Amino acid sequence: FSFIQWLERLEKEESSQGKVIFLRNIMVKPEMKASGYSQRFVKFLEDGKEVRVAAVLALCSSGDKKYIRLLTDLYDREDSWEVRVSVAKGLNNFPYGDVKELLIKMTKDTEWWVRYNALKS
């Protein structure tokens, strides 16, 4: 399949498990670095927890700095520690100077796994 065909299949998928599988598969493709494609993943940040985790990692894999504010806002409002961990893990795809403040903030998270991954990033 072409990258566009994978995206189209993802957008037609109805099950959470299917969306996660497609997101995880797509995020490792070189086309993720093309800014026009990654915007199509933002809507999955409003889905179920597992889909949000995969969507965060996919957006982060793009390395596109325009998502730093979006990820910061998501972190600030997110109740699920698993999603917050995915933000912490994903931030290692961005230049440290651009995400330093958020990573420092994450080192004070109530969940130890978020703190650990923030320090690791």
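Start with the rings: Phe1, Trp6 and Phe22 are joined into a cluster by ring pairs. Keep in mind as you look around that this is a predicted model. Across the structure, the count of aromatic pairs comes to five. One of them is Trp113 with Tyr116, and that pair is stacked. A ring pair like this is described by how far apart the centres are and by the angle of the planes. For Trp113 and Tyr116, the centres are 5.1 Å apart and the planes differ by 10°. Since planes under 30 degrees apart count as stacked, that angle is what earns the pair its label.

Where do Trp113 and Tyr116 lie? Both are in helix 8, three residues apart, which is about one turn of the helix. As for solvent, Trp113 has 28% relative accessibility, so it counts as partly exposed. Tyr116 comes out at 40%, so it is partly exposed too.

Trp113 also takes us to the next stop, because it is one of the helix 8 residues that helix 6 meets. Two packed helices are described by the angle between their axes and the distance between those axes. Helix 6 covers residues 81-90 and helix 8 covers residues 112-120; their axes are 8 Å apart, at an angle of about 5°. With an angle like that, helix 6 is roughly parallel to helix 8. On the helix 6 side, the residues involved are Trp81, Arg84, Val85, Ala88 and Lys89, and they meet Trp113, Val114, Asn117 and Ala118 of helix 8. Sorted by class, this contact has six nonpolar residues, one polar and two charged.

Now stay on helix 6 and turn to helix 7, residues 96-106. Here the angle is about 140°, and the axes are 10 Å apart. Why is this pair called oblique? Roughly antiparallel needs an angle over 145 degrees, and about 140° doesn't get there, so helix 6 and helix 7 are oblique to each other. Their crossing is left-handed. Arg84, Val87 and Ala88 of helix 6 make the contact with Leu102, Leu103 and Met106 of helix 7. By class, that contact has five nonpolar residues, no polar ones and one charged. Arg84 and Ala88 are named in the helix 8 contact as well.

Last stop: Lys19, which sits in helix 2, residues 16-26. Is Lys19 buried or exposed? Its relative accessible area is 12%, so Lys19 is buried. Setting aside neighbours within four places in sequence, Lys19 is in contact with Leu10, Glu13, Glu14, Phe44, Asp47 and Val51.

Definitions and conventions
Residues are numbered from 1 along each chain as its sequence is written. This is a predicted model: local features need pLDDT of at least 70, side-chain atom pairs count only at pLDDT 80 or more; totals for chains, interfaces and linings use all residues. Side-chain values use heavy atoms; hydrogens and water are left out. Axes are lines fitted to C-alpha atoms, for helices over the stretch in contact, and angles run from 0 to 180 degrees between N-to-C directions. Helices (H or I, at least four residues) and strands (E, at least two) are DSSP runs, numbered from the N terminus. Angles under 35 degrees count as roughly parallel, over 145 as roughly antiparallel, 65 to 115 as roughly perpendicular and the rest as oblique. Contact means heavy atoms within 4.5 Å. Ala, Val, Leu, Ile, Met, Phe, Trp, Tyr, Cys and Pro count as nonpolar, Asp, Glu, Lys and Arg as charged, and the others, Gly among them, as polar. Rings of Phe, Tyr and Trp (its six-membered ring) pair if their centres lie within 6.5 Å; planes under 30 degrees apart count as stacked, over 60 as edge-to-face and the rest as tilted. Buried means under 20% relative accessible area, exposed over 50%, partly exposed in between (1.4 Å probe, protein chains only). A crossing is left-handed if the near helix is turned anticlockwise from the far one by less than a right angle, and right-handed if clockwise.
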